[in-house]
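Let's take a friendly tour of the salt bridges in this protein. Have the structure open as you read.

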Amino acid sequence: MAEARAEKSEAAGTKYSAFDQHLTHRAVNVRMFLRLLRWTKPYRITLGASVVLLIVGALIAVAIPLLLGRVIVDEILAPSPEQSEHILPDFGLVELTHWISNFFNLELLFAAILFYITLVLTQSFASLAQSLTLTSGALKTLRDLRVDLFASLERKPASFYDHVAVGRVMTRVTNDIENLYNLITSFIQIVADFVPFFIIIGVMFHLSASLTTVALTVLPIAIVATVVFRLIITKFFRLIRDSVSSLNQYLQEDLMGIEVVQLSGRQEQNIAEYTAYNRENRKHEFGAINYEVLFESLNTSLPSIATALIIWYGGGEVVQESISIGVLITFTYFVSMLITPISGVGQFFNTLFRSMASGERIFQALDWEEQLHEPANPATLPTRLRGEVQFRNVSFTYKKGNKVLDDVSFHINPGEKLAIVGPTGSGKSTLIRLLARFYDIEDEMVFVDGIDVNSISSKDLRKRVGVVLQDFHIFSGTVYDNISLNNPEISKERVEWAARVVNADQYIHKLPDGYNTELAERGHNLSQGQQQLLAFARVLAANPEILVLDEATSSIDTGTELIIQDGLKKLTEGRTSIIIAHRLQTIQECDRILVLHRGKVCEIGTHDELIAQKGIYYTLHELQFQDVDIADAFATSEDLKQRSDRSRWLHQDDADDLMGGLAARDLSS
């Protein structure tokens, strides 16, 4: 099972570079559209009411021209009894107008005008109610979809974000979701537009087949234009979505590293690169806009062309008394309503192409199969763990052929403090990630209290393992929120107690509103040392049995570090603690020290034992207290160990010469 998971994870890893390229870019994806409709089910009554209101409004829109042409013109203003066989059917409007006139004791024309105003106001009210219900249903639908997408991204393993650019993920949650709003609203609108379309065609043919045929001559033009537009615009919308993703990705990376950008003076270069991305996006947007404007202009002109044909042909019919003036007037109203749905289809395809690309990207993220393996029947953990940790022959790779850990084995007793030292890239942080189950590993490799971590749900395990990272993240909210993380099980009293233990309350009380002080983005109104003290308080408030400090004091100055030493002693008291640090003076009081190099355990023992061995740790200790970089010590340790006369090169001047020479040889090899 574990091998299958590893193969699946490795296979998934090869796809990340093509996260966007694995899209089909299909212009119309019925299956995806039907899947989207599943999110509308909780709001089907609201959306159904919107459809009903649209249909009511559409039917009233058909009745208004009939009232104008059949009742007001043919019945009241210019009655023509001789042409009764050509009179437009009134669908009871004439009788209803007479009833209004009699009931309210009004003149027939005034009653017709009152009826006309009533229909217009009713249509306006139906349109307003329809817009409100449609907007409500669509926004709630997309709210649920956005939450589900966010929840899916929250559950993605760390390996997913190792390979997928955050900017491209953000595009799916923001821009792409917004595009689907237009899809839902446009779909309902196009359905409602075709309701009067078929009614109008039936009425028009019933009145005058020849005049209707003339009016319909523009429809083939609209249909052909729509098909051509669809073929052309599909490519542009795909390119637009890809270019927007690239823009967001570059912007996110640039702003996250803005300090590095400014320190290195890359502003002008980055502006030029962003301008190039923006220019590419603009080119595709302009291409799409040009065709959209051309298509819109054609659709706008078609009703006018059809009206001109009706007046030209219908005028002759009126002169020959084949049809009434009311019929001609009604036809001029109907022709616009006849062309509008066809034009609407073109606009709907415009929206559809944009939205289908966005929908596919959203569902690609939702369906991305890679998930952290969770046990079918997770082990039940005791109320408090003893804190025993064991790694058994652990080997791990992020990418094939690049082994980060190689047959690592060690054991940590309950309540023991183990320090791990090693150069960057030796695998220290990887050990922590595996202990907290951020990555899948083979079964029976990592154990907590003798329980395989693969048999423990990741959520339960991470409640028991508290990690203080080097890069402590500050969330939006108050100091209290950042310590408790809004966990209802952590009371305000416990938050304040945790802050006092790690000496964080000394500066918290000096903040404008104390624990209720709103922290700036990424904690910019706190120093690095204050942020780290906040991190210690956060972990202590959660009360985990196993504590991990991953370079937790690397950003703290010596004065601040002395302040937190007492707090750290209380923090680690009674807990199994794993401390990763470059500063050897911060780990000398640990029970044991593990030396990791190139993914292997090289030495393990107490500080005094490792000093007595005069191996790698001894070399590190001597060199560090002479201000020589640890990474250089590891890079040359094998060469240094071969030298029998250590006393000579441990002097600062000789050490510098030796390091330079060995580093040069390492680089050349």
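## A buried pair across the chain

Asp176 and Arg361 form a salt bridge, with their closest N and O atoms 2.9 Å apart. This pair ties together distant parts of the chain: Asp176 belongs to helix α7 (residues 166–207), while Arg361 sits in helix α12 (residues 325–367). The two residues are 185 residues apart. Do keep in mind that this is a predicted model.

Are these two partners buried or exposed? Asp176 has a relative accessible area of 0%, so it counts as buried. Arg361 is buried as well, because its relative accessibility is 1%, and the cut-off for buried is under 20%.

## Partly exposed partners

Next, look at Glu273 and Arg266, whose side chains meet in a salt bridge at 3.7 Å, N to O. Glu273 has a relative accessibility of 31%, so it is classed as partly exposed. Arg266 is partly exposed too, at 30%.

Arg143 offers another example: it forms a salt bridge with Asp144, and the closest N and O atoms lie 3.3 Å apart. With a relative accessible area of 43%, Arg143 is partly exposed; the partly exposed class runs between 20% and 50%.

## A network and the overall count

Which residues are joined into one network by salt bridges that share partners? They are Glu374, Arg437 and Asp440.

How many salt bridges does a search of the whole structure find? The search gives 15, and the Asp176–Arg361 pair is a salt bridge you have already met here.

Terms used:
Residues are numbered from 1 along each chain as its sequence is written. This is a predicted model: local features need pLDDT of at least 70, side-chain atom pairs count only at pLDDT 80 or more; totals for chains, interfaces and linings use all residues. Side-chain values use heavy atoms; hydrogens and water are left out. A salt bridge is a side-chain nitrogen of Lys or Arg within 4 Å of a carboxyl oxygen of Asp or Glu. Buried means under 20% relative accessible area, exposed over 50%, partly exposed in between (1.4 Å probe, protein chains only). Helices (H or I, at least four residues) and strands (E, at least two) are DSSP runs, numbered from the N terminus.
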